[in-house]
Amino acid sequence: MFALKRFIHNLVIVIGKSLSVLVPMKVPITFVGADSTAQLCQAIGQTGTKKLLLVTDAVLVKLGIVERVTGALGAAGVEWCVYDGVEPDPTFAQVQEGVQRLRSEGCDAVLAVGGGSSMDASKLIAAIATNDKPLAKLEGLFKLRKPTVPLYALPTTAGTGSEATMVAVVSDPAAMAKKFFIDPKLFPSMTALDASLMTGLPPAMTAATGMDALTHAIESYLSVSATEETEKLSAAAVKMVFNNLPTAYATGDDMKARSAMALASFYAGVAFTRASVGYVHAIAHQLGAYYKTPHGLANAIVLPRVLEFSKGPAVDRLAQLADVIGIEGANPTEKADRFIEAVKALGAEVGIPVRLDSLKRADITPIAKRALSEAHANYPVPRYMGLDDCEKLLGSMLSA
Ligand SMILES: [Fe+2]
């Protein structure tokens with residue numbers, strides 16, 4: 001039975017890989033650097049936008065980040081209004097509220113200002129604006145008939161990479177599940193990587209989002225769907241995270257480290273859009289749905305465990321990543337082991353716990369089943385995981 005399931009998974013991945021070359025991949029026009037927010041706003045001003053809906057959260061309003069952006073929009077001659085109702089793990093209701101705001105204000109474009117939650121909510125607000133359908137009907141792959149209204153993204157965290165992807169994830173609290181929306185029409189058309197918007201991010205969020213970027217980079221590098229192009233982007237992102245996350249965590253206003261992390265997150269986002277992610281994300285999504293564990297934190301706790309599990313067939317790939325970050329070893333196995341140790345050490349350095357306090361023993365089997373069902377339908381992982389292995393992996397995360 002196990003062999004049959006593994007065979008079906010491999011078949012799904014081969015078919016998916018063949019079909020994926022037919023999906024148009026888009027990289028947004030990207031402004032980089034201290035002046036990039038103003039440049040993005042100027043560029044939006046030249047598109048003929050009548051009124052822009054700025055989608056964000058109340059914390060960024062309070063911190064004055066939104067005011068900086070609206071100032072730049074005003075200077076660029078763009079009329080705007082703000083929807084600041086997005087919360088972590090946005091829900092269908094918040095997306096719907098945003099759509100109502102867009103319609104009542106007569107907006108014809110959307111700018112996301114925030115982390116993954118605001119960017120994902122923005123994608124769906126922009127999608128419903130033209131594809132007049134309930135959100136539930138747009139769930140899944142390639143459900144959008146019409147292009148979204150023009151969509152722009154201004155990330156204020158370095159991790160999700162959502163500014164570079166065609167994915168939006170929204171929570172359905174009633175079903176304790178995350179819902180996925182994947183369509184090339186969800187790529188933002190322009191973005192700005194402005195590290196000056198990220199210097200106020202608290203250390204714990206810097207750590208969690210940065211480990212999310214690292215997970216995208218590693219999972220896309222290990223993916224059997226990786227291409228020469230995605231490998232280069234993933235490897236560059238791995239190196240930048242190792243070299244810069246500890247500084248961004250300890251010294252939040254270090255612009256050099258923040259800029260490198262913003263770029264790493266973007267590179268990893270472009271890479272996993274083509275090469276996909278793996279079991280770390282499949283498991284972390286369930287932890288988010290069950291316990292509201294922040295996505296990056298869940299990834300960071302799960303990541304070394306999945307790397308240990310994947311090591312057999314992925315040993316050479318892990319050894320290559322050891323080379324990327326300058327770790328030496330006598331042979332590929334030793335290098336792979338040292339790379340996994342380096343991932344653990346990086347997590348420890350930025351305050352990531354080894355275990356997940358909220359995880360309950362009774363939830364392990366349903367979480368493992370859901371995670372495997374997500375992974376085996378979607379992710380081109382290097383080693384197939386059975387239920388026993390997934391349960392054991394989750395068991396090792398229980399608090400003593
Ligand atoms: Fe992620």
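This passage describes the domains, the nonpolar core, a small sheet and one loop residue of a predicted model.

The protein chain is divided into two domains, with domain 1 spanning residues 29-197 and domain 2 spanning residues 202-395. Their C-alpha centres are 26 Å apart. Contact between the domains involves 20 residues on the side of domain 1 and 27 residues on the side of domain 2. The residues of domain 1 that touch domain 2 comprise seven nonpolar, 10 polar and three charged residues.

In soluble globular proteins, nonpolar side chains tend to be buried together. The largest nonpolar core of the model contains 131 residues. Within this core, the residues that touch the most other members are Ile125, Ala237, Val241 and Ala264. The core is not confined to one domain, since at least three of its residues come from each of domain 1 and domain 2. The surroundings of alanine 237 can be listed in detail. When residues up to four places away in sequence are not counted, alanine 237 touches Ala213, Ala217, Ala264, Tyr267, Ala268 and Ala271. Ala264, one of these partners, is itself named among the core residues that touch the most other members.

Strands of a sheet pair through backbone hydrogen bonds, either parallel or antiparallel. An open sheet in the model consists of three strands in the order 5-8-7, and its pairing is mixed. Strand 5 (140-141) and strand 7 stand at the edges; each has a single partner strand, so one side of each is left without a neighbour in the sheet. Strand 5 and strand 8 run parallel and are joined by two bridges. Leucine 141 stands opposite isoleucine 182, a residue of strand 8. Helix 6, formed by residues 116-130, packs on this sheet and touches strand 7 and strand 8. The direction of helix 6 makes about 100° with that of strand 7.

Strand 7 (167-172) and strand 8 (177-182) are linked by a loop in which methionine 176 lies. Methionine 176 counts as partly exposed because it has 15 C-beta neighbours inside 10 Å, whereas a buried residue would need 20 or more and an exposed one 12 or fewer. Once neighbours within four places in sequence are left aside, methionine 176 is in contact with Ala289 and Tyr290. Serine 118 is 58 residues from methionine 176 along the chain, and the C-alpha atoms of these two residues are separated by 20 Å.

Terms used:
Residues numbered from 1 in each chain as written. Predicted model: local features only at pLDDT ≥ 70, side-chain atom pairs only at ≥ 80, totals over all residues. Core = buried A, V, L, I, M, F, W, Y, C linked by C-beta atoms within 7 Å. Domains from an automatic or database assignment. Contact = placed C-beta atoms within 7 Å. Helix = DSSP H or I, 4+ residues; strand = E, 2+ residues; numbered from the N terminus. Pairing = 2+ DSSP bridges. Axes fitted to C-alpha atoms, helices over the stretch in contact; angles between N-to-C directions. Nonpolar A, V, L, I, M, F, W, Y, C, P; charged D, E, K, R; others polar.
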